[in-house]
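Subject: Structure handover

Hello,

Here is the structure we spoke about, with my notes underneath. Please read them next to the coordinates.

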Amino acid sequence: MEAQTIERIVQEVLAELTANPSSIQTNGKAGSPVPPPFQPPRKEKSASQADGGRMVCQEAGVDITSPDIKAVPLLEAPQDRESLERMMRSTPARIGVGRAGPRLKTQTLLTLRADHAAARDAVMMDVPEQLLERLGLFSVQTCCTSKDQFLTRPDLGRQFSLETLEEIKRRCRKSPDVQIYTSDGLSSTAIQANLANILPVLMQGLEARGLIVGTPFFVRFGRVAAMDHIAQTLDAKVTCVLLGERPGLGTAESMSAYLAYRATVGMPEARRTVVSNIHRNGISAVEAGAYLCDVIEMILKAKASGVDLRKG
């Protein structure tokens, strides 16, 4: 570029600055102009994300672990969306979640962490005392003295002190046809979610069939085989424990009912009958209570439980 041209451009710029002095920004030192701060383009935050014609809700306060949210495929442009949705409704497995490069999508990762947190809470929390009081259940405890000991010493969760067995004998009806009790097991959440619905149905259903039902109560830090000591102490024909099951990432609310005819300490596990998967997305608590009445009546009639019941 020629020197005359450069000089002309400089003169034009100086003339414009002289005519508009307010356009000059300084950093506090005379003659030190600075450019205005960079302003990046603003992006509107969306409360939802379009996905193949569906909207996946991402608003604050929405439970991403709810069945409705989990039922929405995160897989981008599936070849057969209808078949994928049908499969997702038929299994709790995490399918159709898609990926972000080699990694999980953010929503999938957050759901996994939320489900894992719910499982940890189910194991570590205690059954609310208000629930036990509302249902009129007194409480006893196995030989475990803490939650940590309960988790690391399963053998102590199957035993009672002599004082505790005497308390059970003193406060419960002797020689019942059916002795029902409940225990936290590995999921206090399961007891909290199901007990109030299943226990009244079970008690009333058995009494309506003319059976003598023992005094229900609650066992803290209890394992399944604790029922054998209770059965021998109370001389019960059938013993039924409603127990919180080990939680997984599918649900933390699953309860099982273990039943045994004339249970004895040290008997083989094959003598137990179990009804499992009792929760809102499995067998509902009310339905399970009615079904257990039928099973208990069958056990009393056959005078057998577990594999012996099938043989009969």
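The expected span of a helix is taken here as 1.5 Å times one less than its number of residues. Please keep in mind throughout that this is a predicted model.

By that rule, helix α10, residues 285-302, can be checked first. It has 18 residues and reaches 25 Å from its first C-alpha to its last, close to the 26 Å expected. The buried residues of α10 are Ala285, Ala288, Gly289, Leu292, Cys293, Val295, Ile296, Ile299 and Leu300. An α-helix has 3.6 residues a turn, so residues three or four places apart point the same way. The cover over the buried residues of α10 includes β4, α8, β6, β7, β8 and α11 (307-311). After α10 comes Lys303, with a positive phi near 55°.

Helix α8, residues 188-208, passes the length check as well: its 21 residues should span 30 Å at 1.5 Å a residue, and the end C-alpha atoms are 29 Å apart, which agrees. There is nevertheless a bend of about 55° in α8, at Asn194. Asn194 is itself among the buried residues of α8, a list that also includes Ser188, Thr189, Ala190 and Ile191, and further along Leu195, Ile198, Leu199, Leu202, Met203, Gly205 and Leu206. Just after α8, Gly210 takes a positive phi of about 80°.

As for the whole chain, the protein holds 11 helices and eight strands. Of its 312 residues, 39% count as buried. Among contacts between residues at least 6 apart in sequence, 66% join residues at least 24 apart.

Now the sheet. Six strands make up an open sheet with mixed pairing, in the order β3-β5-β4-β6-β7-β8. The edges are β3 (138-141) and β8 (273-278); each has a single partner strand, so one side of each is left without a neighbour in the sheet. On average, neighbouring strands of this sheet are turned by 25° against each other, direction ignored.

At one edge, β3 pairs with β5 in the parallel sense over four bridges. One residue to look at is Phe138, whose bridge partner in β5 is Phe217. Phe138 also belongs, with Val140, to the covered face of β3, while Ser139 and Gln141 make up the uncovered one. In a regular strand the side chains alternate between the two faces of the sheet.

At the other edge, β7 (residues 255-261) and β8 run antiparallel and are joined by four bridges. Ala257 has Val275 of β8 as its bridge partner. Helix α9 (residues 226-234) packs on the sheet, where it touches β4 (178-183), β5, β6 (238-244) and β7, and its direction makes about 145° with that of β4. A further helix, α7 (residues 162-171), lies across β3 and β5 (217-220) and runs at about 155° to β3.

How many disulfides does the structure hold? The count is zero. For Cys143, the nearest cysteine sulfur is that of Cys144, 7.5 Å away, whereas a disulfide needs two cysteine sulfur atoms within 2.5 Å. Cys143 counts as partly exposed, because its relative accessibility is 26%. Cys293 is in no disulfide either, with the sulfur of Cys240 as the nearest, 9.4 Å away. At 1% relative accessibility, Cys293 counts as buried.

Two backbone points remain, both in loops. Ala77 has a phi near 50°, a positive value in a residue other than glycine. Ala77 sits in the loop between α2 (67-70) and α3 (81-90), and is exposed, with a relative accessible area of 70%. Ser175 is not a glycine, yet its phi is also positive, at about 50°. The place of Ser175 is the loop between α7 and β4, where it is partly exposed, with a relative accessible area of 41%.

Regards

Terms used: Residues are numbered from 1 along each chain as its sequence is written. Side-chain values use heavy atoms; hydrogens and water are left out. Two strands pair if DSSP finds at least two bridges between them. Axes are lines fitted to C-alpha atoms, for helices over the stretch in contact, and angles run from 0 to 180 degrees between N-to-C directions. Contact means heavy atoms within 4.5 Å. The bend at a residue is the angle between axes fitted to the seven residues ending there and the seven starting there. Buried means under 20% relative accessible area, exposed over 50%, partly exposed in between (1.4 Å probe, protein chains only).
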